[in-house]
8 protein chains.
Amino acid sequence: MDELDLGLVQQLQHDGRKPFTEIAQELGVSEGTVRNRYTRLIEDGVIQVIGMINPHQLGIDAPALVGVSLETGDWDEAIATIAKFDEVSYLVLVSGEFDLIVEVMCQDRDHLADFLQRTLRQVPGVIRTQTFTILRTYKMALGAKPTLEKRDSKE
Amino acid sequence: MDELDLGLVQQLQHDGRKPFTEIAQELGVSEGTVRNRYTRLIEDGVIQVIGMINPHQLGIDAPALVGVSLETGDWDEAIATIAKFDEVSYLVLVSGEFDLIVEVMCQDRDHLADFLQRTLRQVPGVIRTQTFTILRTYKMALGAKPTLEKRDSKE
Amino acid sequence: MDELDLGLVQQLQHDGRKPFTEIAQELGVSEGTVRNRYTRLIEDGVIQVIGMINPHQLGIDAPALVGVSLETGDWDEAIATIAKFDEVSYLVLVSGEFDLIVEVMCQDRDHLADFLQRTLRQVPGVIRTQTFTILRTYKMALGAKPTLEKRDSKE
Amino acid sequence: MDELDLGLVQQLQHDGRKPFTEIAQELGVSEGTVRNRYTRLIEDGVIQVIGMINPHQLGIDAPALVGVSLETGDWDEAIATIAKFDEVSYLVLVSGEFDLIVEVMCQDRDHLADFLQRTLRQVPGVIRTQTFTILRTYKMALGAKPTLEKRDSKE
Amino acid sequence: MDELDLGLVQQLQHDGRKPFTEIAQELGVSEGTVRNRYTRLIEDGVIQVIGMINPHQLGIDAPALVGVSLETGDWDEAIATIAKFDEVSYLVLVSGEFDLIVEVMCQDRDHLADFLQRTLRQVPGVIRTQTFTILRTYKMALGAKPTLEKRDSKE
Amino acid sequence: MDELDLGLVQQLQHDGRKPFTEIAQELGVSEGTVRNRYTRLIEDGVIQVIGMINPHQLGIDAPALVGVSLETGDWDEAIATIAKFDEVSYLVLVSGEFDLIVEVMCQDRDHLADFLQRTLRQVPGVIRTQTFTILRTYKMALGAKPTLEKRDSKE
Amino acid sequence: MDELDLGLVQQLQHDGRKPFTEIAQELGVSEGTVRNRYTRLIEDGVIQVIGMINPHQLGIDAPALVGVSLETGDWDEAIATIAKFDEVSYLVLVSGEFDLIVEVMCQDRDHLADFLQRTLRQVPGVIRTQTFTILRTYKMALGAKPTLEKRDSKE
Amino acid sequence: MDELDLGLVQQLQHDGRKPFTEIAQELGVSEGTVRNRYTRLIEDGVIQVIGMINPHQLGIDAPALVGVSLETGDWDEAIATIAKFDEVSYLVLVSGEFDLIVEVMCQDRDHLADFLQRTLRQVPGVIRTQTFTILRTYKMALGAKPTLEKRDSKE
């Protein structure tokens, strides 16, 4: 990623549909260059340009993070099942007190109660869940912040 | 949100830069209608179209979720400080064992060690942190899944 | 709920059997109005007027709160079973470290030991309980405090 | 408490304003006897008859139980402060992982976030809180269930 | 228990074999009175006079307290089994994070490892144990301290 | 410790005041031998013969085990202070989740609440306590069980 | 172990292949004496001289400590299985919150995820694991520090 | 690292002082080649050949792992202080419930009690420690197992 890529990415982080002509003008290159760079960044999987819905606007009023503990056995199947639920917006395997941490988007307390009780806790292999109700969202960045610097590992 | 909005949103979730003419054709309406709907959805804050960077491509090899406990005092300032760190990609206030849960994007173990030790743990008001290293990411959905159905609360 | 309802409710919170004539006089309306309002509040489920027993007077000397963890399976049946025990005075489904929190009213340590060991821990689906013995009760309000103000959500 | 007291109490648990004439008829005694018994039970503090408000009807949509840990120092003052908050409907001193368990009645997630962050966590002496969001209420009995039997302690 | 009983008990707490003639002299009563009081205290189960072995002298170098969690099922049998082990010197049923707390007297680390692994953890019904190695013993009183005062409950 | 010592100790564990003549007869040795052995076991600190009071008979109805966490600083003083409280019958320094485990003998819930709140939690250096209410006592052995066998360490 | 042994051991702790002639010179004894002492220390199992690989040089970038909880049953077999895994560099049986603590040497996050999910958590008897990712290694001494002093136990 | 390096390393892992002539013979190369390879592996820091003392032989009878929590402030100094203690044989910074995990080599329970109470817990910045007594050591490998294979990351 060079400075031009970085500039393009930063533009798209603010407005994903900004016309290439405008971006080209701001970066001082031709529209063709922008278009080529864009195509390459997309093909290399460096960025995605996507429509992201505001959960609040959809009536999501009971979002939560759930720590999940799995028992011995086929984890792949349990994880695949959980990942497919519509309510699940984020699913990572972690080291620590839990095996998985899951973000769920429920409409209200009742929906969350149902999801935990009748859906998540019924997945074979799930033996314990601990729910952290999200009271307020302060930051939801879109992936990582792009930069050209490399850290020097000190170890 | 009606069926047309829903269709538009679903298109943009797959490709945020899909030309309105193509979307119009697929939804069987005029380009003007799509453009108007898009403008309204953006203005109402229902969706954002944005470029999202793949952390892996940026050399992010030590992502983590961190549970943070705050002490009595000015939480607003502590939270604002944490939200501003480049490494922090997600910050929510939760009920449960922690006060905050934070997603951090670090390049390697050394970066994570430094961030925890020299940055996050030095924020006034932070008294305890518990880090869950992310070993694998299975799902990172973009906001909530749109739907036209409303749940009937059963309580 | 208007000011008149509020006044009526506040009177009944102090003495549930206060004659309507006295309440009418204090609120400056007719007895018929008070009676009508009362009937409507009862029918709408806004209030209940009930006799509440002082546990101490009944020789309840070992009250406790119990956090209950349930395993995968039929939660509805486990919850229904627990709710029916005479010792159980309060039962909520919660998010967090436990699945349920239950208040139990036992006469003495021996009764509590028996209830936990022979009753609660034998309910199919209950896999773990953690008991918090109540050492002293400082406040036991009757439902929520009525008010006419609405909060403005700041999120 | 004899059988007559028990009968009276059971009637009042269903309808706290049931006229004494009706109660007298059902229990087969005179109205004067019922009235005398009632007066004595009230004066002895065995029962209270009170109007209890349904939190749901008041727009309480974010009830929670909060475990509170106190630091060394003047507990009496901290407890008295907490007990006075309008949101607090229940406050007990417990043995176990927490020092206090508190039930709070908040209108929504935002209210709960504010109460925890700006009110409860600012009380001098409070060093840690752990919140259990109430997802569903299955039983809220009114004090203890009256009975004439005495348990035989087996210890 | 009157002052004479108290005096007798206090004498025996220092030397369980102190001759009754000496005790009688110190308390200013006849030997017969002391003997009668002693017999009654023993028969009523108020005191026991017993030989107590110093674990250190027996080569007990790995004493520990063990928190035990039991699963649903026949607790009486599990408890009876544990109580019979020679290593177990103390066994109580508790409220809190564990179901039982057990004091065990092992000769060395290897003995403790064996006892936990091959004995205690093999008892049917025992699902989890958490061991607190005793590093130093500061006080081991013999039952409760006798007193003639009664506390006034303040609740 | 030889077989004769062992026999003597076992007799005293059942009745600490058993006359030496009877013990001598049962063990088939002279009274002088028993007396000499007894004197030596006492002087070497192998056994103590003491009067032990039954807590239940003294109205102790709220016994508890308390896990105590100490902060950095002068532990010796904190430990000495705690060991001196009349309510404290047992005090050990442990490895694990707590620093100390303390057995306390309180008369009732109110006494225990007061002891924890006004006494133990006010000791300088004590920063956290976790109380396990004792619901039932199944075994309270007197020191360790004497034996002549030595374990062979397998490590 | 006398001063000569100590000197020899200290030399070998810095360079395990230091020629005996050099060591002899530094300690002021003959090479034969050094050789004899070395042979005896090896035969008695007091020291080992071994080649130790630097994990970092082998591309080990995801080392971790894992707390393992075992269920009731055959622990010997579970422990033997875990000890044989190539990734496992350290395995101890501990008292406390876990049953075993294991150090694992994985090449990257993905390797660690696989090892935990497909290897360690599939060992029969393993019911829970809690992983502590090692962020930085500050000290890795080789066994214990040799000394000629003996501590005086103060208990 | 090629096959020859690997062979050399494996020989040294069994006997660090094995003469180069024997190693050369077993690997089918000249002694000079072995010597060159050895020198390079040492200079590159791939291996160390060192004398490792058996703690048991030194009378280490109370080894333990200690989880340490640090407070906000200068971690570097706290870590450096801990790393210098003779008793500390291993010190890592971890993610999870603790900040550091430390292995300590104490001679007996009394030494461990003293070390925790008077040494480790007095280090400025250390606010909590949790000790896991090591009951038995099953594996103590020397660094990582060498291999020529590279894993294919599956993420």
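In this predicted model, 77 residues of chain E are in contact with 77 residues of chain F, contact meaning heavy atoms within 4.5 Å. Between them, chain E and chain F bury about 6900 Å², and 54% of that lies on carbon and sulfur atoms; buried area here is the accessible area (1.4 Å probe) that two parts lose on being put together, summed over both. No salt bridges turn up across this interface, where the rule finds 0 between chain E and chain F; such a bridge is a side-chain nitrogen of Lys or Arg within 4 Å of a carboxyl oxygen of Asp or Glu. Polar contacts are another matter, with 31 residue pairs counted between chain E and chain F, both residues at pLDDT 80 or more. A polar contact is a pair of N or O atoms within 3.5 Å; within protein, one must be able to donate a hydrogen and the other to accept it, and residues adjacent in sequence count only if both atoms are side-chain atoms.

As for what chain E brings to the meeting with chain F, at least two residues each come from helix 1 (3-14), strand 1 (47-53), helix 4 (75-84), strand 3 (88-94), strand 4 (100-106), helix 5 (109-119) and strand 5 (126-140) of chain E. Helices (H or I, at least four residues) and strands (E, at least two) are DSSP runs, numbered from the N terminus. Strand 5 of chain E gives the most to this side, with 11 residues. Sorted by class, the side of chain E that touches chain F has 37 nonpolar, 19 polar and 21 charged residues; Ala, Val, Leu, Ile, Met, Phe, Trp, Tyr, Cys and Pro count as nonpolar, Asp, Glu, Lys and Arg as charged, and the others, Gly among them, as polar.

Strands also pair up across the E and F boundary. Strand 3 of chain E runs antiparallel to strand 5 (residues 126-140) of chain F, and 5 bridges join the two; strands pair if DSSP finds at least two bridges between them. Tyr90(E) stands opposite Met140(F) in strand 5 of chain F.

How do the two copies sit relative to each other? A turn of 180° with a shift of 0.0 Å along the axis lays chain E on chain F with an RMSD of 0.1 Å, the copies being superposed by least squares on the C-alpha atoms of residues with pLDDT of at least 70 in both. The copies meet through the same surface, because 100% of the interface residues of chain E are also interface residues in chain F.

Next come chain B and chain A. Here 77 residues of chain B touch 77 residues of chain A, and the area buried between chain B and chain A is about 6900 Å², with carbon and sulfur atoms giving 54%. The rule finds 0 salt bridges across the interface of chain B and chain A, while 35 residue pairs (both at pLDDT 80 or more) are in polar contact there. Strand 5 of chain B supplies 11 residues, the largest share of the side that touches chain A. That side has 37 nonpolar, 19 polar and 21 charged residues. Strand 1 (residues 47-53) of chain A and strand 1 of chain B run antiparallel and are joined by 7 bridges, with Gly51(B) the bridge partner of Val49(A).

Chain B superposes on chain A (RMSD 0.1 Å) after a rotation of 180° with 0.0 Å of shift along its axis. That is the relation of a two-fold axis. The same surface serves both copies, since 100% of the contact residues of chain B recur in chain A.

Over all chains, the structure holds 96 salt bridges. One of them links Asp114(D) with Arg136(A), whose closest N and O atoms are 2.7 Å apart. This pair joins two chains, because Asp114(D) lies in helix 5 (residues 109-119) of chain D and Arg136(A) in strand 5 (residues 126-140) of chain A. Some chains do not touch: no contact joins chain A and chain E, whose closest C-alpha atoms lie 15 Å apart. Likewise, no contact joins chain C and chain G, with their closest C-alpha atoms 15 Å apart.

Residues are numbered from 1 along each chain as its sequence is written, and chains are lettered from A and ligands numbered from 1 in the order in which they are written. Local features need pLDDT of at least 70 and side-chain atom pairs count only at pLDDT 80 or more, while totals for chains, interfaces and linings use all residues; side-chain values use heavy atoms, with hydrogens and water left out.
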